[in-house]
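Colleague: Could you take a close look at one part of this model for me, the sheet, and then tell me what sits around it? An informal walk-through is fine.

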Amino acid sequence: MGESIPLVCQDWANTKTAYRFFSNDRVSEAEILGGHFQSTRDRMVATDGPVLVLHDTTEFTYQRENTDAIGITKSINSGRDKAGRLRSHTVCGILMHSSLTVTTEGLD
């Protein structure tokens with residue numbers, strides 16, 4: 001986690017395989033996660049009693065000259081300039097919204 005793909009893959013063959021996987025249009029996030037989502041649904045349906053769905057939103061911000069490269073999360077007030085005009089700056093990044101399902105006994 002947090003390292004470059006070539007460092008994690010350790011050799012050129014594994015690195016090339018990883019890049020091919022990431023650039024493959026036939027591979028989608030929905031297909032990869034579909035089995036996990038279905039397993040979660042199956043476990044929660046089989047549970048007696050209430051199921052809690054805990055949510056969290058995390059903001060990842062990045063400094064970019066070109067805001068199109070990563071996306072814009074918000075524009076915020078930066079105070080006033082010497083002439084008294086309001087200043088604002090754009091925050092670039094992505095938002096990750098995650099959910100965790102648990103029973104009241106703590107099972108996920």
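Modeller: Let's start in the middle of a strand pairing: Ile76 stands opposite His89, a residue of β3. Further along, Gly79 faces Arg87, again in β3. Keep in mind that this is a predicted model. Both of those pairs fit into the pairing of β2 with β3 (residues 86-103), which runs in the antiparallel sense over seven bridges.

Now follow the chain between these two strands. The hairpin of β2 and β3 has five residues between the strands. One of the residues to click on here is Gly84, which takes a positive phi near 90°.

Zoom out to the whole sheet. It is open and built from three strands, in the order β1-β3-β2, with antiparallel pairing. That puts β1 (51-62) and β2 (72-80) at the edges, each pairing on one side only. From one strand to the next, the twist averages 35°.

The two edge strands also have a side-chain link. Lys74 forms a salt bridge with Glu59, and their closest N and O atoms are 3.6 Å apart. Lys74 belongs to strand β2 and Glu59 to strand β1, so to speak a link between distant parts of the chain, with 15 residues separating the pair. If you count salt bridges with a cut-off of 4 Å between a side-chain nitrogen of Lys or Arg and a carboxyl oxygen of Asp or Glu, the total comes to two.

Away from the sheet, have a look at helix α2, which covers residues 12-23. Its twelve residues reach 16 Å from the first C-alpha to the last, close to the 16 Å expected at 1.5 Å a residue. At its N-terminal end, Asp11 acts as the cap: a side-chain oxygen of Asp11 lies 3.3 Å from the backbone nitrogen of Ala13.

Helix α2 also matters if you colour the surface by polarity, as there is a nonpolar patch formed by Tyr19, Phe21, Phe22 and Ile32. Together these residues have about 420 Å² of accessible area. The largest share of the patch, three residues, comes from α2, and Tyr19 is one of the residues found in that helix. As a general point, an α-helix has 3.6 residues a turn, so residues three or four places apart point the same way.

Definitions and conventions. Residues are numbered from 1 along each chain as its sequence is written. This is a predicted model: local features need pLDDT of at least 70, side-chain atom pairs count only at pLDDT 80 or more; totals for chains, interfaces and linings use all residues. Side-chain values use heavy atoms; hydrogens and water are left out. Helices (H or I, at least four residues) and strands (E, at least two) are DSSP runs, numbered from the N terminus. The expected span of a helix is 1.5 Å times one less than its number of residues. A polar contact is a pair of N or O atoms within 3.5 Å; within protein, one must be able to donate a hydrogen and the other to accept it, and residues adjacent in sequence count only if both atoms are side-chain atoms. Two strands pair if DSSP finds at least two bridges between them. Axes are lines fitted to C-alpha atoms, for helices over the stretch in contact, and angles run from 0 to 180 degrees between N-to-C directions. Patches are made of residues with over 30% relative accessible area and no salt bridge: like charges are joined within 9 Å, nonpolar side chains (Val, Leu, Ile, Met, Phe, Trp, Tyr) within 5 Å. Accessible areas come from the Shrake-Rupley method with a 1.4 Å probe; for residues, only the protein chains shown count as cover.
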